Amino acid sequence: MDQQMIAAYGQTAPSARMQPHGNKICRVALQQGYDLMAKQGSMIAYTGFITFEPWRDSRSQRMMGSVVGERLGLMKCTGQGDLYLADYGADVVMMQLNNDGISVNAANVLAFDAQLEHKIESISGLVNKFSGNGMFNIAIRGTGWVAITTQGTPVVLNPGERETCVDPDALVAWSTGLRVKSKRSARLGALVGRGTGEAMQVAFTGAGYVVVQPSEDSTDRFHFRG
């Protein structure tokens, strides 16, 4: 057995509920009574005794979810052991909420602690200004762990009182306490962003953070025609 390979890539003792294995795998230390919600199909391996079952939300959530499509599907992970999650080689980012919240593009949700409150929300009022489409996010709130995915290594920005503007197609997640508005830079339309000649951004101010991925490909987002 190649001890060097094991030392480089093998299992290590968990030091937190969630931790990265490389930058594309999320490792979760599951315990009885502390269930996990994860994206269906994201399990790549596990040790111990863990069971998986499709999760069904409330009727109103299911109705909104049906608009988004089956790709939003979540599974409930229960048991004792180490669970490894990934999503087609995307980078994985983990964060610990402390009685606060985050709004995540639905396509970028990988996993979160089951005790966290979560709901599907439409942000079509904001995104309609960019593309004529609506977009769905999952708002997650409480105290616990969340794992999200990005296309490439992300940058995490802290707006503070200085306005921070983001291309909507590169936007992954943001703290729910931030102030959010749309912004138009018509004169820069030929130089900034993608689209029909106007440079449109999402502008953030306040205390919190914004997660931005290096890809501007919006094909994985949950859009619907209004």
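This is a short guided tour of a predicted model, stop by stop, with something to select at each one.

**Stop 1: the hairpin at β1 and β2**

Start by selecting residues 18-21, strand β1, together with residues 25-30, strand β2; the two run antiparallel and are joined by four bridges. To find your register, pick M18 and look across to V28, its bridge partner in β2. Three residues sit between the strands of this hairpin, and G22 in the turn has a positive phi of about 70 degrees.

Now stay on β2 and ask how covered it is: how many of its six residues are buried? Five of them are, so this strand is mostly covered. Add residues 74-85 to the selection, and you will see strand β5 pairing with β2 over five bridges, again in the antiparallel sense. A handy marker here is L30, whose bridge partner in β5 is G81.

**Stop 2: a buried aspartate**

Next, select D113, which lies in strand β7 (residues 109-113). Is D113 buried or exposed? Its relative accessibility is 4%, and because buried means under 20%, D113 counts as buried.

Show the side chains around D113 and look for its polar partners. One is R17, whose side chain makes a polar contact of 2.8 Å with that of D113. Another is the backbone of W145: its nitrogen lies 2.9 Å from a polar atom of the D113 side chain. Leaving aside neighbours within four places in sequence, the residues in contact with D113 are R17, D35, L36, G144 and W145.

**Stop 3: F112 and the cores**

Step back one residue to F112. Beyond the residues up to four places away in sequence, F112 touches M18, L36, M37, L74, H118, I140, W145 and V146. M18 will be familiar from the hairpin, as the bridge partner of V28.

F112 also belongs to the largest nonpolar core, a set of 18 residues; I102, F112, I140, V146, I148 and A173 are the ones that touch the most other members. Colour β6, β7, β9 (133-150) and β12 to see the elements that give two or more residues to this core. Which of them gives the most? That is β6, with five residues. There is also a second, separate core of 17 residues, and its members include M18, L30, V92 and L110. As background, nonpolar side chains tend to be buried together in soluble globular proteins.

**Stop 4: an aromatic pair**

The model has two aromatic pairs by the rule used here. For one of them, select W174 and F204: the ring centres are 5.5 Å apart and the planes meet at 50 degrees, so the pair is tilted. This pair links distant parts of the chain, with W174 in strand β12 (residues 171-175) and F204 in strand β14 (residues 199-206), 30 residues apart. Both W174 and F204 are buried.

**Stop 5: two positive phi values**

Finish with the backbone. Most residues other than glycine have a negative phi, which makes the next two selections worth a look. Y88, in the loop between β5 and β6 (91-105), has a positive phi near 50 degrees. Y88 is exposed, with a relative accessible area of 86%.

Then move to N99, which is found in strand β6. Its phi is also positive, near 55 degrees. With a relative accessible area of 61%, N99 is exposed.

Definitions and conventions
Residues numbered from 1 in each chain as written. Predicted model: local features only at pLDDT ≥ 70, side-chain atom pairs only at ≥ 80, totals over all residues. Heavy atoms only, no water. Buried < 20%, exposed > 50% of the residue type's maximum accessible area, 1.4 Å probe, protein only. Pairing = 2+ DSSP bridges. Polar contact = N/O pair within 3.5 Å; in protein donor to acceptor, adjacent residues only side chain to side chain. Contact = heavy atoms within 4.5 Å. Phe/Tyr/Trp six-rings, centres within 6.5 Å; stacked < 30°, edge-to-face > 60°. Core = buried A, V, L, I, M, F, W, Y, C linked by side-chain atoms within 4.5 Å.
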